[in-house]
Amino acid sequence: MIKRNLLVLGLAIMLSACGFQLRGTGTSELSVKEMDVSARDAYGPTVTQLRDVLERSGVNVHTGAPYRLVLTNEQQTQRAASYASSNQSAEYELTTVLSYSILGLNNLELMSDKLEVRKIYVRDGGNITGSDQEATIAREEMRRDLVNAMVVRLQMLTPTQLDQLQRDADERAKAEAAALEAARSQQAETPQQSPLEIPGK
């Protein structure tokens, strides 16, 4: 019995060291339990993976949720990190920047930010096909890193914080609407100048 308990404990330690956490026992749980997730490319790999991870973390991802995470832009760039002749290896730096916003009631923006990941891969001038595969694998790893980073950002948000952000957004919207109405009223009350008449000769 003691050996069995030690074995279970050892497996739990190994799994936690690998980043695996049992459902409900680790920090993978989010305090926000409902959220809509959308992107310009509604079926793109990043938003699809993010939906899956959130659902596995206990979030009910559905249209009509009180908060909506919008992936507004995802940019991928590549630049040479080291130079070499055409038949030699060279290092390339891949960068992906993911911009996002969180919207609340009445589609008011509660917050916006961006995430950035970088990765270096080696491009073999003598094996272009293999190098292209390496780049594809690197991009997939970066996408997983982006999704994980996005989940970490969401873990930092609580319903209380989102409620406060919603109140702040409501106040800003009311102030902007009041300022617009005041400007319209002032314009309506300002007498319009009649066209300048030039006396006939």
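The following legends accompany close-up views of a predicted model of the protein.

**Figure 1. Overall arrangement of the predicted protein model.**
The protein contains four helices and five strands, which follow the pattern α-β-α-β-β-β-β-α-α when read along the sequence. Of its 201 residues, 27% count as buried. Among contacts between residues at least 6 apart in sequence, 69% join residues at least 24 apart. The mean pLDDT of the protein is 81, and 74% of its residues reach 70 or more. Over residues 1-27 the pLDDT is below 50, and this stretch has eleven contacts in the model beyond near neighbours in sequence.

**Figure 2. Helix 4, residues 159-189.**
Helix 4 comprises 31 residues. From its first C-alpha to its last, the helix reaches 45 Å, close to the 45 Å expected at 1.5 Å a residue. Buried residues in helix 4 are L162, Q166 and A169. An α-helix has 3.6 residues a turn, so residues three or four places apart point the same way. D163 also lies in helix 4; because its relative accessibility is 35%, D163 counts as partly exposed.

**Figure 3. Surroundings of Q166 in helix 4.**
Q166 has a relative accessibility of 7% and therefore counts as buried, the cut-off for this class being under 20%. Leaving aside neighbours within four places in sequence, Q166 is in contact with G104, L105, L108 and L110. Of these partners, L105 and L108 flank the two asparagines shown in Figure 5. Q166 and Y67 are 99 residues apart in sequence, yet their C-alpha atoms are 9.6 Å apart in space.

**Figure 4. D163 of helix 4 and G104.**
The C-alpha atoms of D163 and G104 are separated by 8.9 Å in space, while 59 residues separate this pair in sequence. G104 is also one of the residues in contact with Q166, another residue of helix 4.

**Figure 5. N106 and N107 in the loop between strand 4 and strand 5.**
N106 is found in the loop that joins strand 4 (89-103) and strand 5 (109-124), and N107 is placed in the loop between these strands as well. N106 has a positive phi of about 60 degrees although it is not a glycine. N107, likewise not a glycine, has a positive phi of about 60 degrees. With a relative accessibility of 69%, N106 counts as exposed. N107, at 52% relative accessibility, also counts as exposed, because the class begins over 50%.

**Figure 6. The second largest pocket and its lining.**
About 180 Å³ of space lies in the second largest pocket. Its lining consists of A39, R40, D41, G44, P45, T46, V47, L71, T72, N73, E74 and L98. Helix 2 (45-56) and strand 3 (68-80) each supply at least two residues of this lining. Strand 3 gives the most, with four residues. By class, the lining has five nonpolar, four polar and three charged residues. The charged residues of the lining are R40, D41 and E74.

Note on methods: Residues numbered from 1 in each chain as written. Predicted model: local features only at pLDDT ≥ 70, side-chain atom pairs only at ≥ 80, totals over all residues. Heavy atoms only, no water. Expected span 1.5 Å × (residues − 1). Buried < 20%, exposed > 50% of the residue type's maximum accessible area, 1.4 Å probe, protein only. 1 Å grid on protein atoms, 1.4 Å probe; cavity = no way out; pocket = protein on both sides within 12 Å on 5 of 7 lines; lining within 4 Å. Points joined across faces, edges and corners; volume = space filled by probe spheres on them. pLDDT = per-residue confidence, 0-100. Contact = heavy atoms within 4.5 Å.
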